[in-house]
Amino acid sequence: MGGQAKGKKKNKPKKKNNCANKADADFVGLSPQERVKLRMREKAKKKTAEKYSVQQLLEKTEECMDSFDFEMASLFCQRALDVESTNLQALDMLGHIYSELGDTQKAKEVFLRAVDLSPDVGHSKYMYLGQIHTGQDAADYYTRGIQVLLSALDKQAQTTQAQAGAAASLDEDPELLTAKDVSAAYCSIAEIYLTDLCMEEGAADKCREFIERALQYHHDNPEALQLMASYLFSTERNQEGREYLLRSVGLWLPGQKQSAASSSTEEVMQNAAPPYESRITTAKLLIECEEYEMAVDVLEGLLEEDDEVVQVWYLSGWVCYLQLEKAKEQQGREGRVVMEEEEWKALTEAARSYLTNAKKLYSKLQCDDQPVLEHVEQLLGELGGEMDGEEGDPVLDEDYEPCSDEEEDNAEAPMEH
């Protein structure tokens, strides 16, 4: 009996080691060096999972993003995904990081993966995909994002209605979605019909429709008001456009000027102002409307925020030149002095200084916008040429390097990556 029992045990088929087979499959076709790297990566993943939670890794990712260290942020975020590959927050953050690093292909892949995992929850991935794409593809992503956003707002409203003080919490919690988010999304679609799809049939009507929807959700949205101004200028309704533009600028520029000397409110006012690129458009539209002094205020704020943008230096010089030309015309028309000699000289030097800086920075950054360079050189020729560093306001010297955000020392011991 004992022997028979032993025989049965011996003849029992062995259980396959699926884990070993899977591990072996991972190494198929790899060179010895690649196998070593893969083993090291697997060990690092295991060590990370044992030492840090996904939440800790994402918190570290956010710290790096806040300090604009996107390279390091990508390492921590990727570690979080190594531990939990379907974490939607991590995917959203990694896509954003790749966008900031200029790797649009990787950003697109990450966001599309998030779409596959959760197509009906989380609108931000669609907003990012809209930014990455152009034309109709971009409009389609924004439209899908708005659908997801509106659905989330409905669910959020149903949840908060049952809570005491729900209305107050909506204003206090920055994480909660608001109608302003919907307004901003509609602005994104409207802008596409004002630019990429402007030649499509019915583009003007669609553009206005989306701007009006944006204003329905947030009637004091500076970007929506500015888009309406741009739309009206494009349809030659200049007076209406000017009214919308001044209304838009009036919502944020006075507060920004007041807070310029107060660091305590600077961040709040920065959040209230439209994005940097949008304010460049603001300056262009104000120049078009001959609101030169207001344009100067906008451009000065832009230079204080980031002095590495050739177009802002160029527009600053251009608006000074136009002020001089306007004074000449008025003087010739009225037959009287409208600008004192000292003021005339100061404005001329300011124009030359701005334009000289624009030309030097254009060369340093190796820009590729020939019409801007040609116009800068033309204006400098009319104004007396480039300024030397010794005359007037200082200009960028030959060793100028574009400024960057000051790097902060990390007092904490770095996490393994």
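**Exercise 1. Find out whether Phe-111 is buried or exposed, and what its ring pairs with.**

Start with accessibility: Phe-111 has a relative accessible area of 0%, so the residue is buried. Buried here means under 20% relative accessible area, exposed means over 50%, and partly exposed lies in between (1.4 Å probe, protein chains only).

A word on the model before going on. It is predicted, so local features need pLDDT of at least 70 and side-chain atom pairs count only at pLDDT 80 or more, while totals for chains, interfaces and linings use all residues. Residues are numbered from 1 along each chain as its sequence is written, and side-chain values use heavy atoms, with hydrogens and water left out.

Next, the rings. Rings of Phe, Tyr and Trp (its six-membered ring) pair if their centres lie within 6.5 Å; planes under 30 degrees apart are stacked, over 60 edge-to-face, and the rest tilted. That rule yields 7 aromatic pairs. In one of them, Phe-111 is stacked with Tyr-128, at 4.9 Å centre to centre and 10° between the planes. The two residues are 17 apart and link distant parts of the chain, Phe-111 being in helix α7 (residues 104-117) and Tyr-128 in helix α8 (residues 124-132). Helices are DSSP runs (H or I, at least four residues), numbered from the N terminus. Tyr-128 is buried too, at 18% relative accessibility.

**Exercise 2. Describe the pairing of Trp-318 and Tyr-321.**

Step one is geometry: these rings are stacked, 5.8 Å centre to centre with 15° between the planes. Step two is position: both belong to helix α19 (residues 310-334), and because they are 3 residues apart, about one helical turn separates them. Step three is exposure: Trp-318 is partly exposed at 22%, whereas Tyr-321 is buried at 10%.

**Exercise 3. Which residues of the largest nonpolar core touch the most other members?**

First, the rule: a nonpolar core is a set of buried Ala, Val, Leu, Ile, Met, Phe, Trp, Tyr and Cys residues joined through side-chain atoms within 4.5 Å. The largest has 56 residues, and Leu-58, Cys-77, Tyr-193 and Ile-211 touch the most other members. Helix α11 (residues 179-194) is its top contributor, with 8 residues. A separate second core of 46 residues includes Phe-233, Val-249, Leu-322 and Val-376. Returning to Tyr-193, ring pairs also join this residue in a cluster with Tyr-186, Phe-210 and Tyr-217.

**Exercise 4. Place the salt bridges of Lys-257 and Glu-377 in the fold.**

Begin with the criterion: a side-chain nitrogen of Lys or Arg lies within 4 Å of a carboxyl oxygen of Asp or Glu. The structure holds 13 salt bridges. Lys-257 meets Asp-297 at 3.1 Å, N to O. Lys-257 lies in helix α15 (residues 253-259) and Asp-297 in helix α18 (residues 292-305), so this pair ties together parts 40 residues apart in sequence.

Now take Glu-377, which meets Lys-359 at 3.6 Å, N to O. Glu-377 sits in helix α21 (residues 370-383) and Lys-359 in helix α20 (residues 341-364), so the bridge ties together parts 18 residues apart in sequence. Both partners are partly exposed, Glu-377 at 37% and Lys-359 at 25%. To finish, a network of salt bridges links Lys-359, Glu-377 and Glu-386.
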